[in-house]
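Subject: Structure handover

Dear colleague,

Here is the structure I said I would pass on. My notes on it follow below.

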Amino acid sequence: MSKRKIKMKATISNLFYLKRAKVNSKGLVAIFHRITVNGKRIEKSTGKYIDPVKWSVEGAKMKGT
């Protein structure tokens, strides 16, 4: 028996973004997480809400503390 090493390559990306269509009664919007593996996407809610003013679109994260 010969032992072969199999190399697997995958392209993976993570993105956090606001779903501005999902505004709650306090005026906060939902934070979503998108995971892409080899072109296939999965989007899930983090269950967290944030004031859109405190969100950095460029950094895909919250501003400040």
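The accessible surface of the chain is about 5,900 Å², and carbon and sulfur atoms account for 55% of it. Please keep in mind that this is a predicted model.

Overall build

The chain has five strands and zero helices, so reading from the N terminus the order is simply β-β-β-β-β. With a radius of gyration of 18 Å, the chain is more spread out than a compact globule, because the globule rule gives 11 Å for 65 residues. Along the principal axes, the C-alpha atoms fill a box of roughly 65 × 20 × 15 Å. Of the 65 residues in the chain, 20% are buried. Taking contacts between residues at least 6 apart in sequence, 27% join residues at least 24 apart.

Strands S2 and S3

Strand S2 covers residues 29-37 and pairs with S3 in the antiparallel sense, over eight bridges. One of the pairings puts histidine 33 opposite lysine 44 in S3 as its bridge partner. The two strands form a hairpin with two residues between them. Asparagine 38, in the turn, has a positive phi of about 50 degrees. Strand S3 (residues 40-50) lies largely in the open, because one of its eleven residues is buried.

The salt bridge

How many salt bridges does the structure hold? There is one, and it is formed by arginine 34 with glutamate 43, whose closest N and O atoms are 2.9 Å apart. As background, side chains of opposite charge can pair when their charged atoms come close. Are the two partners buried or exposed? Arginine 34 has 19% relative accessibility and therefore counts as buried, the cut-off being under 20%. Glutamate 43, at 35%, counts as partly exposed.

Lysine 22

Lysine 22 is in strand S1, which spans residues 12-23. Its relative accessibility is 45%, so lysine 22 counts as partly exposed. Leaving aside residues up to four places away in sequence, lysine 22 touches Leu28, Val29, Ala30, Phe32 and Tyr49. Where does lysine 9 lie relative to lysine 22? The two lysines are 13 residues apart in sequence, and their C-alpha atoms are 35 Å apart in space.

Regards

Methods:
Residues are numbered from 1 along each chain as its sequence is written. This is a predicted model: local features need pLDDT of at least 70, side-chain atom pairs count only at pLDDT 80 or more; totals for chains, interfaces and linings use all residues. Side-chain values use heavy atoms; hydrogens and water are left out. Helices (H or I, at least four residues) and strands (E, at least two) are DSSP runs, numbered from the N terminus. The radius of gyration is taken over C-alpha atoms; the globule rule is 2.2 Å times the number of residues to the power 0.38. Buried means under 20% relative accessible area, exposed over 50%, partly exposed in between (1.4 Å probe, protein chains only). Contact means heavy atoms within 4.5 Å. Accessible areas come from the Shrake-Rupley method with a 1.4 Å probe; for residues, only the protein chains shown count as cover. A salt bridge is a side-chain nitrogen of Lys or Arg within 4 Å of a carboxyl oxygen of Asp or Glu. Two strands pair if DSSP finds at least two bridges between them.
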